[in-house]
Amino acid sequence: MNDDRILEPREMEDIRSKTSQRRIRGWLTVCGDARMLIPWMAFAIVADTLRLKVLSRGDLLQHHQGNV
């Protein structure tokens, strides 16, 4: 597109439409990535929570056995 040429309304609408479509594709990509990431992060949180519970339970047992 030449800078010295005046764009017609239809051409401007085409440019806006293409820009909008690019933005929508970008958002859909980001949302799709987030949908994939959230379950993995939830799994990591649950795994870490279970690991901490096991460790704290082990500490409680050692502490209790030391007092008996």
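## Exercises on a one-helix chain

The protein chain has one helix and zero strands in its secondary structure. The model is predicted, so keep that in mind as you work through the exercises.

**Exercise 1. Find what share of the 68 residues in the protein chain is buried, and describe the accessible surface.**

Solution. Start with the cut-off: a residue is buried when its relative accessible area is under 20%. Buried residues come to 0% of the 68 residues in the protein chain. Next, look at the surface itself: the chain has an accessible surface of about 6,800 Å². Carbon and sulfur atoms account for 63% of that surface.

**Exercise 2. Work out whether D14 and R10 form a salt bridge, and say where the two residues lie.**

Solution. Recall that a salt bridge needs a side-chain nitrogen of Lys or Arg within 4 Å of a carboxyl oxygen of Asp or Glu. The closest N and O atoms of D14 and R10 are 3.8 Å apart, and the pair forms a salt bridge. Now place them: both residues lie in helix 1, four residues apart, which is about one turn of the helix. Finally, check their exposure. D14 counts as partly exposed because its relative accessibility is 31%. R10 counts as exposed because its value is 59%.

**Exercise 3. Describe the salt bridge between R16 and E13 in the same way.**

Solution. The side chains of R16 and E13 meet in a salt bridge, with 3.6 Å from N to O. Both residues are in helix 1, three residues apart, or about one turn of the helix. With 41% relative accessibility, E13 counts as partly exposed.

**Exercise 4. Explain how D48 and R51 are placed along helix 1, and describe their contact.**

Solution. D48 and R51 are separated by about one helical turn because they are three residues apart in helix 1. Their closest N and O atoms are 2.7 Å apart, and the two residues form a salt bridge. For exposure, D48 has 38% relative accessibility and so counts as partly exposed. R51, at 49%, also counts as partly exposed. To finish, check the total: the count for the chain comes to three salt bridges.

**Exercise 5. Which residues gather in a patch of positive charge on the surface, and is K18 buried or exposed?**

Solution. The patch of positive charge consists of K18, R22, R23 and R25. Take K18 as your example: this residue is found in helix 1, which covers residues 9-67. Exposed means over 50% relative accessible area. K18 has 52% relative accessibility, so it counts as exposed.

Key:
Residues numbered from 1 in each chain as written. Predicted model: local features only at pLDDT ≥ 70, side-chain atom pairs only at ≥ 80, totals over all residues. Heavy atoms only, no water. Patch = residues over 30% accessible without salt bridge, like charges linked within 9 Å, V, L, I, M, F, W, Y side chains within 5 Å. Areas by Shrake-Rupley, 256 points an atom, 1.4 Å probe, with all protein chains shown as cover. Lys, Arg positive; Asp, Glu negative; His and termini not counted. Charge placed at Lys NZ, Arg CZ, Asp CG, Glu CD. Buried < 20%, exposed > 50% of the residue type's maximum accessible area, 1.4 Å probe, protein only.
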